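I opened the model to look up two things. One was how the strands are arranged; the other was how a pair of helices packs.

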Amino acid sequence: MHFIVNGIYCSHVSGGDIHCFQLARGLAARGWKVAWFGGSAFKGLLDKFDLPKDFTLTDRGSIPKANEAEISGQAALFWDYFKRFVRIIPRLGRIGRGDIVYAVSDYWFDVIPAVLSRARRKVMVLHMECPTFGEILRRSRPDVAANRLSSIYYWLSQNTSLRLFRWVKRKRMVYLHPAMKPRLLGLGYREEELHFVSYGLETAAAAAAQPGPKEYDVCWIGRVHIQKGVDDLLAALVELSKKLPDFKAIMIGNLEKDLGPDIDRLALRPFVQFSGFVSEEEKFRLFKASRVFLMPSRHEGSPRVIGEAVIGGTTVVAYAVKNYRPLYGDFVRYVPCFDRAAFVAASVKTVEELRARPDVDTATPERAEFTRANSWEVAQNGFDRLLAGLAAEP
């Protein structure tokens, strides 16, 4: 099984990367030979995430961190992706006809090499739907930037990949949100070629993390990016620090470098702690030690972090992004989309309520069923069935 991972350009990994890593570890544990194609930044993550080490390098080194909010940063990233794409093509001979190749994103630099490879069986994943061209023109989706360039690139890349992959004879398309299926059928994919696989949650780590007293009023984990609604997060932290005595928040992950300057600028340092990089078990301990998880993102596909908060027993306050309710139902306290004042008010109200009810029991049957249905075991079994069906095709 060859995983094509040309999109990782720094030490930060996304939920889609974690999904890929977990599937690869599961395959290796079941006796598959797992191999990677990727850049230097990704190679540096193999040990950190305990991944199989059969690796083919597709670049000559990592670039400095690029500012994705600037056109210059977007251009640097495109050039970096393009160089990895050029270098992978002559190395595709390492993939045999009897192998399976997996494009771990819907971007062209992963999908085109997968399609060009000699492998007769190919798999692609769709993590999040790009905005439509109309949404880009009207800027009616919140993740469309004012200059529209990155969104046009995203739209071109995803639509090119989906249409190109459609012509592969023996293929499977993995999608992570139920709402994606109608679009894929409309593009000409057959029912038997489409497989829903859960985004997967570390339920064992969540169970191992011992619950204790609520040390923090709120927690957050994510990328410091305009799509993640960081300005709304900061506004909520400011208001919470003003209204609640002894307010405490924890930012989970390596966030201090990117978020620390804003925390200092807003005089929030006495109220906010940074955990730094933590193990999965420690991450869930921090969820369990927090009353509320704030989710001010403007757009998401199938955000694992909400699921992690749910199985950690942490109350979630989030904007009512349309993708959330089919996955999380009533586990989330929804706020009208992108109404910052409403998000801040709901954050304060929810923390106050939970401070007044310290013994509330979140271990409901519904939460237990959600945990079971979204475990990595269920996700891996679904992926295994997909591969078994693909391998059985003549």
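**Entry 1, the sheet.** I started with strand order. Six strands form an open sheet, running β10-β9-β8-β11-β12-β13, and the pairing is parallel. I then noted the edges: β10 (272–274) and β13 (332–335) each pair on one side only. From one strand to the next, the twist averages 25°. I keep in mind that this is a predicted model.

**Entry 2, one strand pair.** I picked β11 and β12. Residues 290–295 make up β11 and residues 315–319 make up β12; the two pair in the parallel sense over four bridges. Which residue of β12 does F293 stand opposite? I found V316 there.

**Entry 3, a helix on the sheet.** Next I checked α10, residues 256–265, which packs on the sheet. Helix α10 touches β8 (216–220), β9 (249–251) and β10. I also looked up its direction, which makes about 165° with that of β10.

**Entry 4, two helices.** I moved to α3 (residues 71–88) and α4 (residues 108–116). They pack at an angle of about 10°, and their axes are 10 Å apart. Angles under 35 degrees count as roughly parallel, so α3 is roughly parallel to α4. The crossing of α3 past α4 is right-handed.

**Entry 5, the contact.** I listed who touches whom. Helix α3 contributes F78, Y81, F82, F85 and I88. Helix α4 contributes W108, F109, I112 and P113. How do the residues of this contact divide into nonpolar, polar and charged? I logged nine nonpolar, no polar and no charged for α3 with α4.

Definitions and conventions:
Residues numbered from 1 in each chain as written. Predicted model: local features only at pLDDT ≥ 70, side-chain atom pairs only at ≥ 80, totals over all residues. Heavy atoms only, no water. Pairing = 2+ DSSP bridges. Axes fitted to C-alpha atoms, helices over the stretch in contact; angles between N-to-C directions. Contact = heavy atoms within 4.5 Å. Parallel < 35°, antiparallel > 145°, perpendicular 65-115°, else oblique. Left-handed = near helix turned anticlockwise from the far one by under 90°. Nonpolar A, V, L, I, M, F, W, Y, C, P; charged D, E, K, R; others polar.
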